[in-house]
Every structure is written in C-alpha cells, then in structure tokens.
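Work through the following exercises with the structure open beside you, and try each task before reading its solution.

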Amino acid sequence: MANVAGSIRRVRSEAEEQARMAAEVRAGLSSRPLPSLPSKYFYDERGGRLFDEITRLPEYYLTRTEEALLPAVAREAVARVRPVELVELGSGLGGKVRIVLDAMADAGTLAACTLLDISEEALAEGMRRLRAERPGVTMVGVVGDFLADLGEVGRGPNCRLLAFLGSTIGNVHPRDVPGFFRSAAAILSPGDGLLLGLDLVKDRARLEAAYDDAQGVTAEFNRNILRVMNARLGADFDPAAFEHVAFYDAERSWIEMRLRARKACRVRVPGAEVELSLPAGGEIRTEISCKYTQQTLEAMLPGTGLALDAWWTDPGSLFALALLRRRPAPEAYGRTPDRVAGDPASTGSPAGGSRRRAMSRPRRSSRSSVR
C-alpha cells in the first residue's frame with residue numbers, strides 16, 4: 001500500500017489505479033451483447049455536483065427519506081452496538097455520516113473514524129472538515145474501492161460500526177453482494193455492526209421518475225461518465241450523441257440506466273486500448289440500482305458471517321435502514337423478527353412513527369420518520 005501525506009493512505013499508486021480503470025473499462029466495453037461502463041466513474045467533480053443536485057429533485061425521494069429516518073435509527077444502532085470507531089464507506093463526510101458521528105458522540109463512545117473512498121480529493125476534504133469539527137477523534141483515510149479493498153481497512157482493536165448508506169449497495173450486482181458482506185464481516189469482530197441503506201421495491205412509475213427527472217439532471221449525470229472517459233482515458237465520446245435511458249426491470253428488481261446512441265458511431269478509447277462501434281439505437285449500460293425487500297436481503301446473508309439484527313422503514317415503506325451484526329456462531333444467523341416497532345402496543349411509540357423489526361432481543365425504539 002502506497003502512503004501519501006498525513007493520515008491518508010492509498011491501496012494502489014495513481015499509476016496502478018489508472019491501469020485498473022483501463023482494464024475495467026476495456027472489459028466493460030468489450031462485453032456482448034450489451035457493453036457497459038462501471039458506475040463508479042460517474043463521480044468526477046462535475047459528476048459529484050450533478051448528483052448533489054439530483055438529491056434535491058422532487059422526484060428523487062431516496063436521500064430525503066433516508067435522512068429523515070436516520071437520526072433515530074443512528075441512536076438506536078449506536079445503543080445496540082456501542083461502537084468506538086465509525087468506518088464509513090464511499091461518501092466522504094456528508095450530512096448522513098455526521099448524524100451517525102453525532103449519535104456516537106452523544107452516547108460517549110466516539111473515539112475514531114475511518115473513511116474509505118475511491119476519491120483522494122473527497123477523502124482529504126472530508127478529513128479536513130472532521131479535524132475541524134472533532135479534533136479529538138483519531139482519523140484514517142483509505143483511498144480504495146469498497147468492493148475490492150475493504151480488507152485494507154483491517155481489523156481494529158475496538159468495537160466498530162460500518163456505515164454504508166445512500167442505497168449504494170443497490171449498485172452492486174446481486175451475485176457480488178454476499179462477497180461484499182463476507183469482506184465486511186472479515187474486518188468486524190463479533191457484535192460489531194454494519195448499518196446499511198436500502199431502497200425498497202415499489203411501483204414502477206415512482207422508481208422510473210426518480211431516475212429520469214423532468215429537468216434532465218439525471219440525464220446529464222448519466223452522460224457525464226462519457227466526459228470522464230474522455231478526460232481520463234483519452235476517449236472521443238460525443239456526449240450529446242447519446243440519450244439517457246432509465247427503466248425498471250421488475251424481474252430483476254432493479255433500475256437500469258443506459259446511454260443510447262442517436263446515430264451509428266465508432267468510439268476510440270486509447271487509454272483502455274479498446275474501440276466500440278454502435279449502431280443507431282445501440283446502448284451502453286452505465287448503472288444498475290437494485291431494489292430490496294427484507295426477504296431478499298436476508299436471503300443473501302447465510303454464510304457471510306453477518307445476520308440481520310434490526311430493520312427500520314419510513315411510514316411509506318420507501319426506504320429501509322438495516323443493522324447487520326457480526327455473529328460468532330452459525331446458529332445466530334437468520335433469526336425471524338419478534339415485533340414491529342411501529343406498533344404502539346409493542347413499543348410505546350406513536351403509530352405514525354417509523355416501522356422497525358427487531359431481529360434479536362427487542363429494545364424500545366425512539367420515535368422517528370425518514371441515494
């Protein structure tokens with residue numbers, strides 16, 4: 001692992017990361033019958049700004065729903081796990097991560113924070129802000145990919161809570177999710193937790209509107225991946241020659257985003273040593289966003305070392321936060337829920353609050369509501 005200044009370390013050198021990107025893009029664009037590009041490459045500076053704009057659109061319910069649900073959930077997750085260290089995967093130091101840090105600080109447990117992100121710039125900025133806000137917290141930044149490099153975080157000496165929020169798990173192909181969970185379990189000790197944000201299965205119209213907004217911001221965000229290819233790999237994509245496509249595949253329970261060629265084109269990507277020819281109407285897949293139910297999540301957990309400990313949703317069942325726990329024994333896996341926290345008879349909480357299923361010994365829930 002290559003070191004950089006301060007408390008940020010790189011899993012790979014910049015040259016190694018560039019070579020890895022080239023290999024991933026070459027493999028994706030060579031895929032048939034449907035070429036693809038890795039969705040993590042949406043996020044240069046412009047892509048980050050566009051996504052921030054998406055989160056404020058009326059159609060995009062995900063961020064505001066999760067942010068409304070999170071304060072009460074964070075307090076209860078912290079009460080259950082009692083973490084000393086927060087390990088945050090992939091979103092720098094945004095408002096949602098601050099909510100979890102606040103819950104840990106309020107509980108008197110917060111001592112350390114580790115941030116993992118593909119962008120060194122995002123990490124540096126996040127850690128600069130964290131130092132200013134919480135000077136007593138020990139900080140580490142790891143520049144890497146949460147799918148490939150989670151093991152580089154290593155095991156810590158203290159109790160941990162991993163935060164993987166914003167429904168980013170939806171961008172992971174279902175076949176790869178159990179492997180990600182095994183990697184997460186490998187850096188956790190028994191009793192440690194993983195707080196996971198999940199967008200839920202719902203009606204097609206609402207889902208498709210969230211990924212194809214009336215203002216066209218998502219369309220511009222989608223085309224931005226072509227600009228990243230041009231800037232980083234010397235490609236000659238013409239973003240204006242592609243139209244944005246987003247649709248819900250009910251059989252696979254995922255939203256799929258594609259770019260469709262308005263006319264026949266031939267694109268060269270010299271940095272990845274690949275060329276792509278598309279007919280008019282030919283498409284490149286740029287993202288999947290899987291939608292979950294509690295049952296589909298639980299079906300992915302056996303054999304991973306993690307078990308579902310608690311499940312919270314907003315009153316409209318748009319979004320869920322799940323607490324997974326590292327279990328020491330196989331018999332602890334797959335417990336069934338013992339109550340719904342939104343039931344005033346079982347929790348004392350108002351009926352209009354968030355709904356929770358406690359997967360182990362029940363606790364009284366705090367009143368709460370909800371990328």
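## Exercise 1: Helix 2 and helix 8

In this predicted model, R46, G47, L50, F51, E53 and I54 of helix 2 meet V217, T218, E220, F221, N224 and R227 of helix 8. Describe how the residues of the contact of helix 2 with helix 8 divide by type, and how the axes of helix 2 and helix 8 cross.

**Solution.** Begin with the residues themselves: the contact of helix 2 with helix 8 divides into five nonpolar, three polar and four charged residues. Next, turn to the geometry, for which two quantities are needed, since two packed helices are described by the angle between their axes and the distance between the axes. The axes of helix 2 (residues 45-54) and helix 8 (residues 217-233) come within 9 Å, and they cross at roughly 165°. An angle over 145 degrees counts as roughly antiparallel, and therefore helix 2 is roughly antiparallel to helix 8. Finally, the handedness can be added, as helix 2 passes helix 8 in a left-handed crossing.

## Exercise 2: Helix 3 and helix 4

Decide whether helix 3 and helix 4 are roughly parallel or roughly antiparallel to each other, and list the residues of helix 3 and helix 4 that make the contact.

**Solution.** Start again from the axes: those of helix 3 (residues 61-81) and helix 4 (residues 95-106) come within 9 Å and cross at roughly 30°. Angles under 35 degrees count as roughly parallel, so helix 3 and helix 4 are roughly parallel to each other. The crossing of helix 3 and helix 4 is right-handed. On the side of helix 3, the contact is made by E66, E67, L70, P71, A74, R75 and V78, while helix 4 contributes K96, I99, V100, A103 and M104. Sorted by type, the residues of this contact of helix 3 with helix 4 comprise eight nonpolar and four charged ones, with no polar residue.

## Exercise 3: Salt bridges between separate elements

A salt bridge here requires a side-chain nitrogen of Lys or Arg within 4 Å of a carboxyl oxygen of Asp or Glu, and by this rule the count comes to 33 salt bridges. Find out which parts of the chain are tied together by the pair D309 and R80, and then which parts are linked through R260.

**Solution.** Take the pair of D309 and R80 to begin with, where the closest N and O atoms of the salt bridge are 2.6 Å apart. D309 lies in strand 13 (residues 306-313) and R80 in helix 3, so the pair ties together parts that are 229 residues apart in sequence. Both D309 and R80 are buried.

Now consider R260, whose side chain meets that of E243 in a salt bridge at 3.9 Å, N to O. R260 belongs to strand 9 (residues 254-261) and E243 to strand 8 (residues 242-249), so this pair ties together parts that are 17 residues apart in sequence. R260 also forms a salt bridge with E283, with the closest N and O atoms 2.7 Å apart. That second pair links R260 in strand 9 with E283 in strand 12 (residues 283-290), 23 residues apart.

The surroundings of these residues can be compared by a cut-off, since buried means under 20% relative accessible area. E283, at 15%, is therefore buried, whereas R260 is partly exposed at 28%, and E243 is likewise partly exposed with a value of 28%.

## Exercise 4: The surroundings of F180

Determine whether F180 is buried or exposed, and which residues F180 touches, not counting residues up to four places away in sequence.

**Solution.** First locate F180, which is found in helix 6 (residues 177-186). Its relative accessible area is 1%, so F180 is buried. Leaving out residues up to four places away in sequence, F180 touches L89, F146, L147, L150, F164 and I169. For one of these contacts the spacing can be given: F180 and I169 are 11 residues apart in sequence, and their C-alpha atoms are 9.3 Å apart in space.

## Exercise 5: Backbone exceptions

Most residues other than glycine have a negative phi, and most peptide bonds are trans. Examine R82 for its phi and the peptide bond that joins R32 and P33 for its omega.

**Solution.** For R82, phi is near 55°, a positive value in a residue other than glycine. R82 is found in the loop between helix 3 and strand 3 (85-89). The bond joining R32 and P33 is a cis peptide bond, with omega about 15°, and P33 is placed in the loop between helix 1 (14-29) and helix 2.

Definitions and conventions:
Residues are numbered from 1 along each chain as its sequence is written. This is a predicted model: local features need pLDDT of at least 70, side-chain atom pairs count only at pLDDT 80 or more; totals for chains, interfaces and linings use all residues. Side-chain values use heavy atoms; hydrogens and water are left out. Axes are lines fitted to C-alpha atoms, for helices over the stretch in contact, and angles run from 0 to 180 degrees between N-to-C directions. Helices (H or I, at least four residues) and strands (E, at least two) are DSSP runs, numbered from the N terminus. Angles under 35 degrees count as roughly parallel, over 145 as roughly antiparallel, 65 to 115 as roughly perpendicular and the rest as oblique. A crossing is left-handed if the near helix is turned anticlockwise from the far one by less than a right angle, and right-handed if clockwise. Contact means heavy atoms within 4.5 Å. Ala, Val, Leu, Ile, Met, Phe, Trp, Tyr, Cys and Pro count as nonpolar, Asp, Glu, Lys and Arg as charged, and the others, Gly among them, as polar. Buried means under 20% relative accessible area, exposed over 50%, partly exposed in between (1.4 Å probe, protein chains only).
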